[in-house]
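Reader: Could you walk me through a few features of this structure, one at a time? I'd like to see how each one is read.

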Amino acid sequence: MPNAEKVKFVEELSGQFKDAKSIFVVDFTGMTANETVELRKKFKQNNVEFQVVRNTLAKLSFEQAGYNEVSEYLTGVNGYVMASDDPTLPVKLLKDEKALKEKFKYKLAVFEGKFVAPESLDAIA
């Protein structure tokens with residue numbers, strides 16, 4: 001049985017997913033702690049949020065937000081990048097970071113309310 005704290009977290013995260021102009025699910029395996037901290041700072045300065053969430057909670061949040069097709073891709077280590085202003089901003093911020101770009105792999109996206117499968121991400125990135 002889910003506890004009240006997790007239920008509240010899922011509700012809040014699904015609200016963030018609904019409100020975001022874009023959501024990128026990324027694999028950040030191989031990034032050092034320092035690289036992750038610097039990336040979080042860069043994102044935060046530009047009104048982009050980066051969260052690491054357990055896959056089970058992320059699946060529930062995506063389902064509550066109406067993105068059921070995302071669940072099958074949520075395996076392994078995932079980070080969730082959400083932009084509330086410019087939907088392409090997360091990709092733009094990483095373009096100059098060649099070292100991070102290699103370690104930061106896009107798995108899928110929800111772009112302006114539409115699911116973008118992994119094989120179609122190159123058009124955005």
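Reader: Let's start with D86. How is D86 classed, buried, exposed or partly exposed?

Author: The model is a predicted one, so keep that in mind throughout. Buried means under 20% relative accessible area and exposed means over 50%. D86 has a relative accessible area of 26%, so it is partly exposed.

Reader: Which residue does the side chain of D86 meet in a salt bridge?

Author: For a salt bridge you look for a Lys or Arg side-chain nitrogen within 4 Å of an Asp or Glu carboxyl oxygen. Here the partner is K92, with 3.0 Å from N to O. K92 is partly exposed too, at 45% relative accessibility.

Reader: How many salt bridges does a search of the whole structure find?

Author: It turns up 3. One of them joins K41 and E38, at 3.6 Å from N to O. Both of these residues sit in helix α2, 3 residues apart, or about one turn. K41 comes out at 46% relative accessibility and E38 at 47%, and each counts as partly exposed. There's also a bridge between E12 and K8, whose closest N and O atoms are 3.8 Å apart. That pair lies in helix α1, with their positions 4 residues apart, again about one turn of the helix. E12 is partly exposed, at 43%.

Reader: Staying with α1, what span should its 16 residues have?

Author: You take 1.5 Å a residue, and for α1 (residues 4-19) that gives 22 Å. The C-alpha atoms at its ends are 23 Å apart, which agrees.

Reader: Which residues of α1 are buried?

Author: V10, L13, S14 and F17. Look down the axis of α1 and the buried residues fall within an arc of 105 degrees, so they line one face of the helix. They pack against β1, β2, α3 and β3. A4, E5, K8 and D19, on the other side, are exposed.

Reader: What caps the N-terminal end of α1?

Author: That's N3: one of its side-chain oxygens lies 3.1 Å from the backbone nitrogen of E5.

Reader: Where does N47 lie?

Author: In the loop between α2 and β2. To read its surroundings, set sequence separation beside distance in space: N47 and A83 are 36 residues apart in sequence, yet their C-alpha atoms are 6.9 Å apart. Leaving out residues up to four places away in sequence, N47 touches M82, S84 and D85. With D85 there is a side-chain to side-chain polar contact at 2.8 Å. N47 itself is partly exposed, at 43% relative accessibility.

Key: Residues are numbered from 1 along each chain as its sequence is written. This is a predicted model: local features need pLDDT of at least 70, side-chain atom pairs count only at pLDDT 80 or more; totals for chains, interfaces and linings use all residues. Side-chain values use heavy atoms; hydrogens and water are left out. Helices (H or I, at least four residues) and strands (E, at least two) are DSSP runs, numbered from the N terminus. The expected span of a helix is 1.5 Å times one less than its number of residues. Buried means under 20% relative accessible area, exposed over 50%, partly exposed in between (1.4 Å probe, protein chains only). The arc is that of the directions from the helix axis to the C-beta atoms. Contact means heavy atoms within 4.5 Å. A polar contact is a pair of N or O atoms within 3.5 Å; within protein, one must be able to donate a hydrogen and the other to accept it, and residues adjacent in sequence count only if both atoms are side-chain atoms.
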